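Work through the exercises below with the model open. Try each task before reading its solution.

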Amino acid sequence: MSALAPVIRIESVSKNFGSFEVLKNVSSTVHASEVIVLCGLSGSGKSTLIRTISALEPIREGKIIVDGVDVHARGTDANLLRRGIGFVFQSFNLFPHLSALDNVAIGLRRLMKLSKGEAHRRSHLLLERVGLSHRAAYMPADLSGGEQQRVAIARALSMQPKVMLFDEPTSALDPEMVGEVLKVIKDLSAEGMTMICVTHEMNFAREVADWIWLMEAGEIIEKARPAEFFENPQHASARRFVQSHL
Ligand code: ADP
Ligand code: MG
């Protein structure tokens, strides 16, 4: 696939929870190596949108294509698809009974069917990449929140995803740990990873995002470059959002 081809195409996607329309005809595109910061007030549909991209939620109408695969088509193997999309949750969701190393290695062993030795070798490299080689033998309960989240990122990376999706990766962290997790995401961006990150960290957005998407009531109401978003937001709600998040 050419570097210019879109990696994610969201085409006229609508979704309901019962009679509540959580996504209203959303369309957007993410190109290779782009970092999208997705922001908006609580309840605007951010989590739902990124969950539909990785087939964690069905859609009612429209189409989502990730790396050439029609995510919601009948014949698509959702499990296989999700391997190509790294998803990092607000709550780290590590396996509590497995060491940091085994949390990273488990997918390599069970899904990629690698030998224990090879899975551990790769997992050590992944932990090194998130600055945690010295924590390989630790259990999740003995790691700080920031460290647990970095292990979760290493685990997502183990499947060599084409795309990484982050849902408020630093919202559950003590303030002093936010920076170390954002640094890992920033490093991924520098390596050319394609990402959508839901976050309220506006300094990170300004520094790392290629595009900022602002959601309101199930719609993306503003898509702008960070400079434009912060200095000259077009939509009245975007102006209010920026003012309350500075
Ligand atoms: P955000 O991530 O922007 O805070 P969400 O995508 O989580 O927003 O939720 C958008 C809206 O959809 C909210 O009003 C929420 O209450 C509702 N919602 C989310 N998940 C469900 C669900 N499983 N069933 C019913 N309503 C839901
Ligand atoms: Mg959310």
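## Exercises on a predicted model

An unreviewed UniProt entry annotates residues 8-242 as "domain: ABC transporter". The model is predicted. The end C-alpha atoms of residues 8-242 are 26 Å apart. Helix makes up 37% of that span and strand 26%.

### Exercise 1

Task: Determine how far strand E8 is enclosed, and which strands pair with E8.

Solution.

Step 1. Locate the strand: E8 covers residues 194-198.

Step 2. Apply the burial cut-off: a residue is buried if 20 or more other C-beta atoms lie within 10 Å of its own. Five of the five residues of E8 are buried, so the strand is largely enclosed by the rest of the structure.

Step 3. Check each face. Thr194, Ile196 and Val198 are buried on one side. Met195 and Cys197 are buried on the other. Both faces of E8 are therefore covered.

Step 4. Find the partners. Strand E3, residues 35-40, runs parallel to E8 and is joined to it by four bridges. Within this pairing, Leu38 has Val198 as its bridge partner. Strand E7, residues 163-167, also runs parallel to E8, with five bridges. Here Leu165 stands opposite Ile196.

Step 5. Trace the connection. E7, helix H6 (residues 175-190) and E8 form a β-α-β unit, and this unit is right-handed.

### Exercise 2

Task: Give the strand order of the open four-stranded sheet and identify its edges.

Solution.

Step 1. Read off the order: E2-E1-E4-E5, with antiparallel pairing.

Step 2. Pick out the edge strands. E2 (20-31) and E5 (69-70) each have a single partner strand, so one side of each lacks a neighbour in the sheet.

Step 3. Recall what holds such pairs together. Strands of a sheet pair through backbone hydrogen bonds, in parallel or antiparallel fashion.

Step 4. Inspect one pair. E1, residues 6-17, runs antiparallel to E2, and eight bridges join them. Val13 has Val26 in E2 as its bridge partner.

### Exercise 3

Task: Ser12 and Glu168 each have a phi near 45°. Is each one buried or exposed?

Solution.

Step 1. Note the sign. Phi is positive in Ser12, a residue other than glycine. Glu168 likewise combines a positive phi with a non-glycine identity.

Step 2. Place them. Ser12 belongs to strand E1. Glu168 sits in the loop between E7 and H6.

Step 3. Count neighbours within 10 Å. Ser12 has 12 other C-beta atoms there, so it is exposed. Glu168 has 20, so it is buried.

### Exercise 4

Task: Describe the residues around ligand 1.

Solution.

Step 1. List the shell: Phe17, Val22, Gly40, Ser42, Gly43, Ser44, Gly45, Lys46, Ser47 and Thr48.

Step 2. Sort by type. Two are nonpolar, seven are polar and one is charged.

Step 3. Assign the main contributor. Helix H1, residues 46-53, supplies three residues, the largest share of the shell.

### Exercise 5

Task: Characterise the surroundings of Ala105.

Solution.

Step 1. Place the residue: Ala105 is in helix H3, residues 100-110.

Step 2. Judge burial. Ala105 has 27 C-beta neighbours inside 10 Å, so it counts as buried.

Step 3. Set aside neighbours within four places in sequence. Ala105 is then in contact with Ala119, His120 and Ser123.

Step 4. Add a distance. Met139 is 34 residues from Ala105 along the chain, and their C-alpha atoms are 14 Å apart.

How values were computed:
Residues are numbered from 1 along each chain as its sequence is written. Chains are lettered from A and ligands numbered from 1 in the order in which they are written. This is a predicted model: local features need pLDDT of at least 70, side-chain atom pairs count only at pLDDT 80 or more; totals for chains, interfaces and linings use all residues. Helices (H or I, at least four residues) and strands (E, at least two) are DSSP runs, numbered from the N terminus. Two strands pair if DSSP finds at least two bridges between them. A crossover is right-handed if, with the strands pointing away from the viewer, the path from the first strand over the helix to the second runs clockwise. UniProt positions are given in the numbering used here, feature names are shortened, and annotations may be inferred rather than shown by experiment. A residue is near a molecule or strand if its C-beta atom, placed from the backbone, lies within 6 Å of it. Ala, Val, Leu, Ile, Met, Phe, Trp, Tyr, Cys and Pro count as nonpolar, Asp, Glu, Lys and Arg as charged, and the others, Gly among them, as polar. Two residues are in contact if their C-beta atoms, placed from the backbone, lie within 7 Å.
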